[in-house]
Amino acid sequence: MEYQAREIEQKWRKNWETQGTYQVSNKSDRPKYYVLDMFPYPSGAGLHVGHPLGYIASDIFARYKRLQGFNVLHPMGYDSFGLPAEQYAIQTGIHPAIATEENINRYRQQLENLGFSFDWSREVRTSDPSYYRWTQWIFQQLFKSYFDQHVGQALPIADLVARLEKNGNAGLQAVCDEATPTISAADWTAMDERARELFLLNYRLTFPEESYVNWCPALGTVLSNDEVKDGVSERGGYPVERKLMAQWSMRITAYADRLLEGLDQLDWPHSLKEQQRNWIGRSQGASVKFPLVKDAQRQIEVFTTRVDTIYGVSFMVLAPEHELVDLITTAAHRAEVDEYRTWAASRSEVERMAEVKRVTGAFTGAYCVNPANGEAVPIYIADYVLAGYGTGAVMAVPSGDQRDWNFATHFGLPIIPILDAQQNLSQEADATKEGRYINSGIINGLNYEEAVPTLTAWLEEKGMGKGKIQYRLRNAVFSRQRYWGEPVPVYWKDDVPYLIAESDLPLVLPAVDKYLPTETGEPPLGRAENWKYQGKYDYELSTMPGWAGSSWYWYRYMDPQNSDRFVGEEAVNYWQGVDLYIGGSEHAVGHLLYSRFWNHFLYDLGLVPQQEYATRLINQGMIQGVIEYIHLIKAEEGDLTRTFVSADKLGDFPQAEFALIPVHVDFVQDYGKEESYLDAAGLAQFKTWRPDYATANFVTNAAGQLVTKSEVGKMSKRYFNVVNPDDVIARYGADAFRMYEMFLGPLEQAKPWNTNSINGVSRFLNSFWRLFYQNEQWLVTDEAPAREEQKVLHTAIKKVTEDVERFSFNTCVSAFMVATNELGRLKSHKRAVLEPLLVLMAPFAVHLTEELWEKLGHTTSIHHAAWPTLEEQWLVEDHITYPIAINGKTRITVDFPAASTKTELEKAAPALEDIQKYLEGVTVRKVIVVPGRMINIVVG
RNA sequence: GCCGAUGUGGCGGAAUUGGUAGACGCGCUGGAUUCAAAAUCCAGUUCCUUCGGGAGUGGGGGUUCGAUUCCCCCCGUCGGUACCA
């Protein structure tokens, strides 16, 4: 019987489904283990060969743990709200739910093709009302909570109210808006309901606020910082501008410290933790007040990490949006300042970032007082100071900061040296902390370590400053002016937001006639007819962002049907959290930070048992594609001729400029290689595919080939280089595909997709099969295996167990190959060897092993078998082959009895006949013996 | 600029605590089988070589009996991030 991948795979997939082989119970005597894959967004394009890499790895590990005797939770579901389905709906009028459903079905089919051990009875979809009901519920809990810094956790807002009634907010240590006024108990009591609600918004963990946001006109929505890359939207690459808008916000900054500290306990990739640390951006420094010369009651507060440089301040810079600008600008400078502010506001993020080097700014005409030395400091505005960071104001020290130096040089402001070690101040700033202070009042002669505490204490005493910790992390914008997302479970009364009753959840997404903003510019939900809470109050019209539903989904898998709670207590206490999370590093500062934030919050409420939900995380590397381009001569205006030139003939057109046009990789010969090209057939395919170029000229080389330019890059529709796993599976089978993806290299490393060597894996599976079957002949016998055969088996058990534990799956595959080669050489077909080997390979080649397992006479699934036990006795040798080196260079290898002692070997090695010729004319200085390893003879 | 990864044959990669560099696979070369092809099997395959050997893990230096592995400096590639005060 030949190995027939397709038949076997279909047979077992059906069988597993009817048997419920992968169904998991929340009750078990076995220890639990939770393996989670990152939530996929079901895009219309379906899976390409890069997507399954992490899923295959997690599936192997889940299966391994199952064979090891664990009760393993390994679920899959869909992050099914999102922009692409809505963009599609706008174009076609098809409800996003319908397109999403189709995409999900396609995904499901592709995933099933790969033979994963998901418990599909636990599938969840974020766009399902039974799911987003709980996303809305968690939102409501955030609204009902504030963060108390005294206890370092979230508490019910009712506690805050009780406190306000008693003491007002004096002495309250809680995270709130900068502008929150201080009130007494009497003030609170005097407030009416509306005033109280507005006041409480300063503290709630989710709240509407007016702030500068990333507005993307093309998408018609705001975006959070992590959704903006290089000044354009991550999805679609549309321009983004700064805009002042009222938006729901999440007070993630309350958790900045805990999110930072929590990282230390996580077994996550180092670089990913670093990214989160940088994103949170904790910096220690001081806040200092600079009173205005004209009005000492008003002060400009700055944050600085170098308070020691305060005597070097020669000017002050405010962000153009800073609230004091209007107030302080003198009449003489009014026009200039207004002009600058208008100009600054008109600049897009992209422009700003492109012109970082350019110095711009304007003088307000006003001065403030340096509290350290009482000198007057001119106040400028400039857009290198960001309104959103710190206080939106900087004390400028040109001698110690390059941007300040550039600004000072441009505007002719003084550059004051402050440390005797500073150098070349006429050329550039010197940020050194070395040396002793000069020109620096009370810290003259001190060094950095002495100056900082001295100054901070002095400023604090004078009430002009204090030590402060500042974060780069901003509160997260939580509104999207879009249709296809969770409705925010809030209604408005007197311009104040109220939660809808818990019993009214879920607030279901209403039908709309179009998925576009209303004529008055409201979000699409404004189109819903008669959509009012209790028939009279307006609902919030924005929806939640993509990351809402994915911030808690791993809990829903534990208990997906529960209609009383987002996850049942029993279920969450059993599964606790995720033991292994596998996914891409692109989620480092988005999903992985937001989900940690929500988890910390749920933990504070006592709803989940662990502060960090995923203790171990592994990034799988991206599988890249090869992009094939052909060179098109850039035509002059009006010139309608189109000429493509073979890459090896570009020299014939020295004056031409070329555009690179991506070509469908299927047309290209020797795809992925240096000398890949389009032959005549490829050119014909290209012309049919791109009729607009059907009449173009093609300058080919002597062989009639149009040589392409090949580049490793993203696998994406727009490069026409997407490889569908279904095609590969149809040809080689899912088992070969799974093993091949693992065999490509280390899991975490990025690697280009190349089908060149998949036949090696396919060949291996065939020879493995032939250990059982050859020429229609069943070969397996019940004879006792020889020692040598046992050694092959147990070497494999040891290697594969160790390697799976450290996620080195590529070396597992080669271990299987080695074992198969050896057993083939030994003509070994013993059940006692093959059966354990089959179990060892079951997590990788899930169908093939199941088939052979059945043929061996088993009636239950191999995936419920037990992982083989290593018996060291078979690995013990009576002789050890020692490499013998002279001065570190290996010369020969010699067998010695394993029992030889170090002293014996030291004597025996130099006496060997084969080694004598190396010792002529030199003296043996030392013989180094590492028992079991090697022998080195040092001569000289 | 800063932060983080990474660099080994023609190619993907292995070498887990410093101990035979190149496992395993692809490709390539030769052979067997075949009318032929596919498939399969066997042998070889880092480079140089006067066949004794010599060189060799991005480059240079160091520690060590011994370095792909540890330390210092430099270079390349990839990813993240950026007027963050």
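## A guided tour of chain A

Start by selecting F720: with 17 other C-beta atoms within 10 Å, this residue is partly exposed. As you look around, keep in mind that the model is predicted. F720 sits in the loop that runs between β30 (709–713) and α20 (725–732). Check its backbone too: phi is positive, at about 55 degrees, although F720 is not a glycine. That is worth a pause, because most residues other than glycine have a negative phi.

**Next stop: K827.** Select the loop between α24 (809–825) and α25 (831–841), where you will find K827. Is K827 buried or exposed? K827 counts as exposed, because it has 8 C-beta neighbours inside 10 Å and the limit for exposed is 12 or fewer. Like the previous stop, K827 is a non-glycine residue with a positive phi, here about 50 degrees.

**A peptide bond to zoom in on.** Select L505 and P506, which are joined by a cis peptide bond with omega of about -5 degrees. P506 belongs to the loop between β19 (496–499) and β20 (532–533). For context, most peptide bonds are trans.

**Into the cores.** Now show M739, L765, A796 and L837: these residues have the most contacts inside the largest nonpolar core, which has 160 residues. Colour helix α2 (residues 52–67) as well, since this helix gives the most to that core, with nine residues. Then centre on L837. Which residues does L837 contact, leaving aside its neighbours within four places in sequence? They are L793, A796 and A819. Afterwards, move to a second, separate core of 47 residues, which includes V307, L318, A362 and I379.

**A helix pair.** Select helix α1 (residues 5–19) together with helix α26 (residues 846–855); their axes are 9 Å apart, and the helices pack at an angle of about 85 degrees. α1 and α26 are therefore roughly perpendicular to each other. To see the contact itself, show I8, E9 and W12 on α1, then H847, L848, E850 and E851 on α26. The residues of this contact are three nonpolar, one polar and three charged.

**Step back to the whole chain.** Finally, colour chain A by domain: domain 1 (5–127 + 566–619), domain 2 (139–277 + 476–539), domain 3 (282–471), domain 4 (623–713), domain 5 (755–872) and domain 6 (877–939). Try placing a distance marker between domain 2 and domain 5, whose C-alpha centres lie 56 Å apart.

Technical notes
Residues numbered from 1 in each chain as written. Chains lettered and ligands numbered in written order. Predicted model: local features only at pLDDT ≥ 70, side-chain atom pairs only at ≥ 80, totals over all residues. Axes fitted to C-alpha atoms, helices over the stretch in contact; angles between N-to-C directions. Helix = DSSP H or I, 4+ residues; strand = E, 2+ residues; numbered from the N terminus. Parallel < 35°, antiparallel > 145°, perpendicular 65-115°, else oblique. Contact = placed C-beta atoms within 7 Å. Nonpolar A, V, L, I, M, F, W, Y, C, P; charged D, E, K, R; others polar. Domains from an automatic or database assignment. Core = buried A, V, L, I, M, F, W, Y, C linked by C-beta atoms within 7 Å. Buried ≥ 20, exposed ≤ 12 C-beta atoms within 10 Å, placed from the backbone.
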